[in-house]
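Got the viewer open and a selection box ready? Here is a walk through the model, one selection at a time.

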Amino acid sequence: MVEALRQGASQRAVAREFRVSLLTVQRWAARAGDLPLDEVDWSDRPAGPHQAPKRTIQEIEDMVLRIRQELRKESDLGEYGGQAIRGELEARQVDPVPAVSTIYRILERRGALDGQRRPRRRPPPRGWYLPDVAAGRAELDQFDFIEDLRIQGGPLVDVLTVVSLHGGLVGAWPRAGFSAQNVVECLVEHWRAFGAPTYAQFDNDTRFQGPHQHPGAIGRVIRLCLGLGIVPVFVPVAEQGFQAAIEGYNGLWQAKVWARFHHQSLEALRDRSARYVAAHHHRTRARREGAPARHPFPEPWTLNLQAPLHGRIIFVRRTSAQGKVTLLGSEFTVADTWPNRLVRCEVALDDGVLRFYALRRREPTEQPLLSQVRYELPKRRFRV
């Protein structure tokens, strides 16, 4: 465009030829001036001012960097952060004195900060430690307890809660104390009404897992799951993320049911909870339409606590410094090359094998088999 202008063409003719506005032709002509074309800066520039109107002037920015270096070498306290720099600027009667946050922005902009920002990585998918759950091919129900809620003038109340990972199907059963048998009754009620999932997840509470003092002890809840073809999964409480869905629902239930109303009795609490759960089911019904299918509850069916155990039991554990894990009352060596790391321990009851798979949140799809050992549950009669 500039070359055409210098050859005698009018600005409007050049604008029509290059299909740009007249203002564009005038702007580039002004940029070129009388300079040779190969000496003109043709790079694009933002339309705004070259410097933000409220940005700290260059002299103060340079002074902030000099003071930081001086304090780093000479300060008796050894402090050279934003607050220390601001104090030194005040002592030198600099006007205006930038705020501490401004000083940190100056240091960051000039690349003078020592610390490294923590890298933010994408979280693993829901249920990442179970490949078919993470892929959306299987549903998982998470169970937990809310404990020791006090009704005024009444008993301490425990609440058994459940939420399905993909479908958002929830439940809550307030009761004055829970036994393992009570838990089984609630699970059967829930699964009769809505169907059974592929996996049911619990923490290590004895009401879920069974007594811990006897090696290989299998409680009622595990026997219920195995009898229905559901894989019970046990996760450690101290590990973050595994119980995130149920913990979120626990907080929601306490905020919307327990803390929102004054409950005169346990029956009133149950009624209010049932109304909330029904409303929650109505609101999330569209989410369940896209969730993995649940299995129909078998009819007729009765729980046989003495029946032989078939299927799988899964434990998520973290290895010790020696690469060992403890589960079902026994200690097992996983791999000395995998210390203080997460593993998925699968008890294959039909094969008599205990398999250990490596788990890494950073690479959730890579779960190689670390080792396997022969393992069979002790042959003992269940004490009813």
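Start by selecting β1 (140-150) and β4 (199-202): 3 bridges join these two strands, which run parallel. Two strands count as paired here if DSSP finds at least two bridges between them, and the strands (E, at least two residues) and helices (H or I, at least four) are DSSP runs numbered from the N terminus. For a spot to zoom in on, D141 stands opposite A200 in β4.

Before moving on, note that this is a predicted model, where local features need pLDDT of at least 70, side-chain atom pairs count only at pLDDT 80 or more, and totals for chains, interfaces and linings use all residues. Residues are numbered from 1 along each chain as its sequence is written, and side-chain values use heavy atoms, leaving out hydrogens and water.

Now add β2 (156-164). β1 and β2 pair in the antiparallel sense over 8 bridges, with I146 opposite V159 in β2. The two form a hairpin with 5 residues between them, and G153 in that turn has a positive phi of about 75°. Is β1 enclosed or open? 8 of its 11 residues are buried, so β1 is largely enclosed by the rest of the structure; buried means under 20% relative accessible area, exposed over 50% and partly exposed in between, with a 1.4 Å probe and protein chains only.

Next, show the whole sheet. It is open, with 9 strands in the order β3-β2-β1-β4-β5-β6-β9-β10-β11 and mixed pairing. β3 and β11 (369-374) stand at the edges with a single partner strand each, so one side of each has no neighbour in the sheet. The twist averages 20° from one strand to the next. Towards the β11 end of that order, 7 bridges join β9 (residues 342-348) to β10 (residues 353-359), which run antiparallel; V347 stands opposite L354 in β10.

Select α8, residues 180-194. At 1.5 Å a residue (times one less than the number of residues), its 15 residues should span 21 Å, and the end C-alpha atoms are 21 Å apart, which agrees. Its buried residues are N182, V183, V184, C186, L187, V188, H190 and W191. Just after α8, G195 takes a positive phi of about 95°.

Add α10 (220-227). α8 and α10 pack at an angle of about 25°, with their axes 9 Å apart. Axes are lines fitted to C-alpha atoms, for helices over the stretch in contact, and angles run from 0 to 180 degrees between N-to-C directions. The two helices are therefore roughly parallel to each other, a label for angles under 35 degrees (over 145 is roughly antiparallel, 65 to 115 roughly perpendicular, the rest oblique). Residues making the contact (heavy atoms within 4.5 Å) include V184 and W191 of α8 and R220 and L224 of α10.

Then pick F178, in the loop between β3 and α8. At 10% relative accessibility, F178 counts as buried. F178 and F145 are 33 residues apart in sequence and 9.4 Å apart in space, C-alpha to C-alpha. Not counting residues up to four places away in sequence, F178 touches F145, D158, V159, L160, W173, V183, C186 and R207.

Last stop: β7 (residues 324-327), where V325 and L327 point to one face and are buried, while K324 and T326 point to the other and are not. 4 bridges join β7 to β8 (residues 330-333), running antiparallel, and K324 stands opposite T333 in β8. In this hairpin's 2-residue turn, L328 has a positive phi of about 55°.
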